[in-house]
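Notebook open, viewer loaded. I want to look up a few residues, then a pocket, a hairpin and a record entry.

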Amino acid sequence: MENAIKLHYDVAGGDFIEAGTASGNVKKVLSQIGIDPAAIRRAAIAMYEGEINMVIHANGGTADVEVTNAYIEIVLRDSGPGIKDINLAMQAGYSTASQAARDMGFGAGMGLPNMKSYTDEMDIASEVGVGTTVTMRIYFK
């Protein structure tokens with residue numbers, strides 16, 4: 001791939017019907033351009049988890065994806081409440097999801113841990129009251 005492919009999506013907060021649309025579209029595009037299925041799977045899972053987090057916790061945000069010859073980079077940005085304790089939030093099972101989100105089957109506290117486990121690099125920058133940016137990379141093997 002000579003030039004990077006860049007994709008942008010707006011993610012609506014609280015919209016559980018449309019949640020997963022952006023990650024589904026990315027999965028389709030990656031498949032169409034011939035990316036390795038294992039890398040597609042990892043990117044789709046990591047992005048979906050982040051997308052759901054924005055829907056549940058942050059009143060939405062944006063997802064930007066860049067595909068190069070070497071990697072897939074996913075940058076998720078929101079202007080939600082921020083993450084008070086990133087180390088605690090990274091623990092499997094920890095969740096601040098509402099009971100309503102849990103009743104729909106979301107908010108089990110696996111989002112951030114799954115995002116980390118399905119990517120090669122993940123960075124979280126968060127400021128309480130300002131928002132969160134999560135940058136993930138999946139390198140082609």
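Entry 1, Ser23. I looked up the exposure of Ser23 first and got a relative accessible area of 4%. The cut-off for buried is under 20%, so Ser23 is buried. This is a predicted model, and I read everything below with that in mind. Ser23 sits in helix α1, which covers residues 21–32. Next I asked for its contacts, skipping residues up to four places away in sequence. The list came back as Ala44, Met47, Tyr48 and Glu51. I then checked where helix α2 runs, and it spans 37–57.

Entry 2, the largest pocket. I pulled its volume, which is about 720 Å³. Which residues are closest to its centre? Of the 35 lining residues, those are Asn53, His57, Ile83, Thr96 and Leu112. I also wanted to know which element gives the most to the lining. That is α2, with eight residues. Elements that each supply at least two lining residues are α2, β3 (71–78), α3 (86–89), α5 (111–117) and β5 (131–139). By type, I get 18 nonpolar, 13 polar and four charged residues in this lining.

Entry 3, Ala89. I went to helix α3 for this one, since I had Ala89 on my list and that is its place. Is Ala89 buried or exposed? Its relative accessibility is 12%, so I put it down as buried. With residues up to four places away in sequence left out, Ala89 touches Ile83, Tyr94, Leu112 and Pro113. Two of those names, Ile83 and Leu112, I had already noted among the residues closest to the pocket centre. I ran a distance check on Ala89 and Ile56 as well: they are 33 residues apart in sequence, and their C-alpha atoms are 14 Å apart in space.

Entry 4, the hairpin. Strand β4 (residues 121–127) pairs with β5 in the antiparallel sense, and I count seven bridges in the output. I looked up one bridge by residue: Glu121 has Arg137 in β5 as its partner. Three residues lie between the two strands of this hairpin, and Gly129 has a positive phi near 85° there.

Entry 5, the record. UniProt lists residues 25–137 as "domain: Histidine kinase/HSP90-like ATPase", in an unreviewed entry. I ran that span through the model and found 40% helix and 27% strand. Its end C-alpha atoms lie 18 Å apart. Arg137, the bridge partner of Glu121, is where the listed range stops.

Definitions and conventions. Residues numbered from 1 in each chain as written. Predicted model: local features only at pLDDT ≥ 70, side-chain atom pairs only at ≥ 80, totals over all residues. Heavy atoms only, no water. 1 Å grid on protein atoms, 1.4 Å probe; cavity = no way out; pocket = protein on both sides within 12 Å on 5 of 7 lines; lining within 4 Å. Points joined across faces, edges and corners; volume = space filled by probe spheres on them. Nonpolar A, V, L, I, M, F, W, Y, C, P; charged D, E, K, R; others polar. Buried < 20%, exposed > 50% of the residue type's maximum accessible area, 1.4 Å probe, protein only. Contact = heavy atoms within 4.5 Å. Pairing = 2+ DSSP bridges. UniProt positions renumbered as here; feature names shortened; annotations may be inferred.
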